Amino acid sequence: MKNRFTCLLALCASVSFAARPNIVFIFTDDHSSQAISAYGSKINQTPNMDRIAREGMLFRNCFVSNAICGPSRAVIQTGKYSHLNGFLTNGNTFDGSQQTFPKLLQKAGYQTAVVGKWHLKSTPTGFDYSEVLLGQGPYYNPPMKKNGVGTKHVGYTTDIITDLALNWLEKERDPDKPFMLMYQHKAPHRNWQPGPKHLNKYDDVTIPEPATLFYDYSGLGSAAKQQTMTIEHHLSANDLKLRPPGNLTPEQLATWNKAYEPKNKAFKEANLQGKDLIKWKYQRYIKDYIRCVDSVDENIGRILQYLDKQGLAENTVVIYSSDQGWFLGENGWFDKRWIYDVSLKMPLLVRWPGVVKPGTESSDFVSNVDFAQTFLDMAGAEQPADMQGRSIVPLLKGRTPKDWRQSFYYQYYEYPGAHSVRRHYGVRAKDHTLVYYYGIDEWEFFDNRKDPQQLTSVFDNPEYAPIIRKLQEEIEALRVELKVPEDARPLKRKPRQKKPRTPKKKAA
Ligand code: CA
């Protein structure tokens, strides 16, 4: 009898063990949903990402809690906002000794791996296998670290990361355990270097411009006027891979005149000014961006095909997301950082055969703070009480809990910093966005129904006073609930202390 009971227990254990799904988390850097055809892109096609959407669920309102690369990744690792996981800005170093979801998955019997972009400075912890780029990593010939030891690769980074992921799936993982693989690309991060295959794609076409490419921020506060992320002024020759024409000094123009016949195209481009120059820069920028996305999409296709061929697809959850939203010329900008929807919204596609109804959508408010608990829930593991998100598994099953969140707290910290976007916090509610720039004591408020592009703050319009008051209270309540401390870091950088120069020794 005892033996039979033990056998039954073992059987139960093995059945539940087998039923636990594998998780493939596909993550890119700076890929916004405006460049995914499943989200209605007007500028490119992404057939493999679309396949995940078609066979799974597409989320319309997945928000990032702090719209910048490293912090978004730290939130995903921990299931906690930046102020609790300690990674507020890209200058920070992730404390890998803290609780993370990969560690908890390991404890639950999962095999864990991360391949590609890590970007948290410290060595990955909680992974049975890691092979990651150093920092941002280059687009070509990336040096990497495999389980902490340096490796070198030759080729295009997006292809190499996929090769490594496939190699781990095929040869290195333990097929008797469920696995969680973080397959994370550098692309399409700045400076958008396409792969060899796509270098000339789009050469002969003009990519549509966003309606707000020439917006002058007249409806926004002083923060929007102080930023340094415009296509017009802040894309470098390095970003554009060509010296931007226009605004030439008389000497430079004389050189152009000498080099080219006055009537040829190059001469005309050399004199581009104003809107024509912005249009030219936008085309240079956007084409390289979508070329990088093309390569990511094709490589995702390789992963999906592998899962199909190996019979893994049925019991594997495939997630596609990117670390924040991104401006593709909206407001005349590139980059992210803002609570504005373009930067706030992450793409999120989830395919889970047998659980997620194919071709479905959700508009519920979900966030990168939810990812850790969602993965733990998928694996049947316990969700620690100190994590600050919520598993989205019920949403994936098509059942939104009645008490699901109706508003979302956001905070951005990296000022002073790249692109000079002021520190701010705020709340995204269904129909409104309220934001407070606490370094300069300014508010903005948007009616997202009338102004979905958030071009005009109506904070001073008395009609909105009641809802603004209500949302100010909501912010305070969320700050208490999420344990957000006052941001006491100085607003100015300390001046660097000059080191006394030591005289160089003369060569003997
Ligand atoms: Ca990013």
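Buried means under 20% relative accessible area, exposed over 50%, and partly exposed is what falls in between (1.4 Å probe, protein chains only). The model is predicted, so to speak with care: local features need pLDDT of at least 70, side-chain atom pairs count only at pLDDT 80 or more, and totals for chains, interfaces and linings use all residues. Residues are numbered from 1 along each chain as its sequence is written, and side-chain values use heavy atoms, with hydrogens and water left out.

**Exercise 1. Work out which residue pairs with aspartate 239 in a salt bridge, and how buried or exposed the two partners are.**

Step 1. Start with the cut-off: a salt bridge is a side-chain nitrogen of Lys or Arg within 4 Å of a carboxyl oxygen of Asp or Glu. A search of the whole structure turns up 29 of them.

Step 2. Aspartate 239 bridges to arginine 190, with the closest N and O atoms 2.7 Å apart. The two sit in distant parts of the chain, 49 residues apart: aspartate 239 in helix 9 (residues 237-240), arginine 190 in the loop between strand 7 (179-184) and helix 7 (222-226). Helices (H or I, at least four residues) and strands (E, at least two) are DSSP runs, numbered from the N terminus.

Step 3. Now the accessibility: aspartate 239 is buried at 2%, while arginine 190 is partly exposed at 26%.

**Exercise 2. Find the salt-bridge partners of lysine 197 and aspartate 288, and say what each pair ties together.**

Step 1. Lysine 197 pairs with glutamate 298, closest N and O atoms 2.6 Å apart. Lysine 197 is in the loop between strand 7 and helix 7 and glutamate 298 is in helix 12 (residues 274-309), so this bridge ties together parts 101 residues apart in sequence. Lysine 197 is exposed at 65%; glutamate 298 is partly exposed at 32%.

Step 2. Aspartate 288 pairs with lysine 241, and here the closest N and O atoms are 3.0 Å apart. Aspartate 288 belongs to helix 12 and lysine 241 to the loop between helix 9 and helix 10 (250-259), so parts 47 residues apart in sequence get tied together. Aspartate 288 is buried at 6%, whereas lysine 241 is partly exposed at 32%.

**Exercise 3. Describe how helix 6 packs on helix 12.**

Step 1. Helix 6 (residues 157-172) and helix 12 have axes 9 Å apart, at an angle of about 10°. Axes are lines fitted to C-alpha atoms, for helices over the stretch in contact, with angles running from 0 to 180 degrees between N-to-C directions. That makes the two helices roughly parallel, a label for angles under 35 degrees.

Step 2. Look at the contact (heavy atoms within 4.5 Å). Residues of helix 6 including Leu166 and Leu169 meet residues of helix 12, among them Ile303 and Tyr306.

**Exercise 4. Place strand 4 among its neighbours, and decide whether its residues are buried or exposed.**

Step 1. Strands pair if DSSP finds at least two bridges between them. Strand 3 (residues 111-116) runs parallel to strand 4 over 4 bridges, with valine 115 opposite glutamate 131.

Step 2. Strand 5 (residues 143-146) pairs with strand 4 in the antiparallel sense over 3 bridges, and lysine 145 is the bridge partner of valine 132.

Step 3. In strand 4 (residues 129-133), 5 of 5 residues are buried. Tyr129, Glu131 and Leu133 cover one side, Ser130 and Val132 the other.

Definitions and conventions
Parallel < 35°, antiparallel > 145°, perpendicular 65-115°, else oblique.
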